[in-house]
Amino acid sequence: MKVQLKVWRQKNRNTSGKFVTYESPDLNPNMSFLEMLDVVNESLASRSEEPIAFDHDCREGICGTCSLVINGKPHGPHKGVATCQTYMRSFKDGDQIVVEPFRAKAFPLVKDLVVDRKAFDRIQQKGGFISVRTGSAPDANSIPVPKENSDLAMDAAQCIGCGACVAACKNASAMLFVSAKVSHLGLLPQGQPERFRRVKAMVDQMDEEGFGACTVTGSCEAVCPKSISLDFIARMNRDYLVALAKGESKKPAAGGV
Amino acid sequence: MILLLKIWQSSLGKKYIMALSGGAMLLFVLGHMAGNLQFFLAPTYINAYGHFLQTTPEILWTSRIGLLVMVGLHIAAAISLTISNRAARPIGYSGGLSAQGSTLAARTMIWSGLIVASFIVYHLLHYTLTLPQVNGYQVFAGEAMDFDGLVEPKTGYHDIFAMIVLGFKIPVVSGFYLLSVGLLSIHLGHGVASMFQSLGLRSYAWWPRIAALARVLSVVIFVGYASIPVSVLLGRGSDYVNEVRTSGKPAHVSPTSHSPSK
């Protein structure tokens, strides 16, 4: 099969970009979308043209590095998969496929289809962790966790931080990402001591990065490669409200550091 | 004070303001609808209700000022959020953003809201301040009409019933009303559910019920409000209005001249 690619090309942040159309070489329908781009890049390189820059790493749907808005939808036409697990058999021979980078002020473009998602790292660094050593794996059931909480925590922990929620949201809001990161620790006993400090710090950093707010459209949930639920945003809203009501924590007494 | 400032500065905080002010206005919308539906009883009921409100400033002005504050907060937060939401994506997608699981109602909240807000301004000029210039009689019926002159023959109260009938007799006025009530119900179909979401009052178990509540409320509100102009256009109250307009004019008792019996 062959497809026509209409790809966003932009040398760097300071130059203006434009769409360029390429005819793909002959493709195997069972190639992943990223393998297709590899093949196209090989043919570009053999013609001494600049290959298309795109993000990729594990190619098995767990690292969150691949991005791309394919025909107007982050991660391509399917539900619950990332670009790396989107296959060319999902397109028809001769299709034109429009490929764009994720668009958000907080995700500045680096080159072509590559955007800088360090805003997510900075949000994580504000509280997406617990500050104590948890040691090696404890004996089973030494810390009781209700089954429904551990299930929900695992659902939230599936977030791979790819940023598709931001790309799909009409407000470029990062709520789904932040809520998943807040919830997966907030649901577990180990995450309780810092639960409210965490949500406050992460939401405040999210606002600082310039992401939009939530209009509850549900687009993020629809495109999330891990199908993370809007329920987590409600949970984050609830925790943040409690955090605001609690106020700042007490300053350490004199002599304390 | 610092807490209020923090709420305002946070994107989540502004959503709390949207949700709480929206919730207060929803209560008003339901109460106002219940009051209006007295239109389907005999004229004396809604006229007595109107007289009661007019002569009870504690209730009238408390709710007016409260509502004004809620409307102000809701609109201010909405505009502020919309500006920062737009700024969050300076460069858009080539083919626009596809719907992706979102409803039209969800994507156009600011527009349905602003149109309803402009309708409310008109609605207040029309029925609360009763400006003769805006009731459409001069333009569409070729005669002047002053709702203030409508007086219930038996009691001398301001005749709300006749005012409603005469107001909605002008099809353009009824049409704008129906359009706005339609937009309001679309706005609330998304807004009521989002209110629970924004305040965090949602879980896997409750979401289907909250979504159903929002849909039911939006239909009830549309039917409740739309029934009044539709029934007027179908002829309700025409005979009564003729009676009032012939008998009420010479007496011309202003409702305020009746000292409230307290």
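Me: Before I look at the sheet, what makes two strands pair here?
Reply: They pair if DSSP finds at least two bridges between them. Strands are DSSP runs of E, at least two residues, and helices are runs of H or I, at least four residues, numbered from the N terminus.

Me: OK, so what stands opposite Leu5(A)?
Reply: That's Tyr22(A), in strand 2 of chain A. Strand 1 (residues 4-9) and strand 2 of chain A pair in the antiparallel sense, over 6 bridges.

Me: And what's the strand order of the open sheet in chain A?
Reply: The order is 2-1-5-3-4, 5 strands with mixed pairing. Strand 2 (18-23) and strand 4 of chain A are the edge strands, each pairing on one side only.

Me: What should I know about the model and numbering?
Reply: It's a predicted model, where local features need pLDDT of at least 70 and side-chain atom pairs count only at pLDDT 80 or more, while totals for chains, interfaces and linings use all residues. Residues are numbered from 1 along each chain as its sequence is written, chains are lettered from A and ligands numbered from 1 in the order in which they are written, and side-chain values use heavy atoms, with hydrogens and water left out.

Me: Switching to the interface: how many residues are in contact between chain A and chain B?
Reply: 48 residues of chain A are in contact with 36 of chain B, contact being heavy atoms within 4.5 Å. The buried area is about 3,300 Å², with carbon and sulfur atoms giving 54%; that's accessible area (1.4 Å probe) lost by the two parts on being put together, summed over both.

Me: Which three residues of chain A supply the most of what it buries there?
Reply: Arg103(A), Val216(A) and Asp231(A), with 17% of the area chain A buries against chain B.

Me: How many salt bridges across it?
Reply: The rule finds 1, the rule being a side-chain nitrogen of Lys or Arg within 4 Å of a carboxyl oxygen of Asp or Glu. Asp231(A) forms a salt bridge with Arg202(B), with the closest N and O atoms 2.6 Å apart.

Me: Which helix gives the largest share of chain A's side?
Reply: Helix 8 of chain A, with 9 residues.

Me: Now helix 8 of chain B, why is it largely enclosed?
Reply: Because 9 of the 9 residues of helix 8 (residues 160-168) of chain B are buried, meaning under 20% relative accessible area (over 50% is exposed, in between is partly exposed; 1.4 Å probe, protein chains only). Among them are Phe161(B), Met163(B) and Gly167(B).

Me: What caps its N-terminal end?
Reply: Asp159(B) does, with a side-chain oxygen 3.2 Å from the backbone nitrogen of Phe161(B).

Definitions and conventions. Polar contact = N/O pair within 3.5 Å; in protein donor to acceptor, adjacent residues only side chain to side chain.
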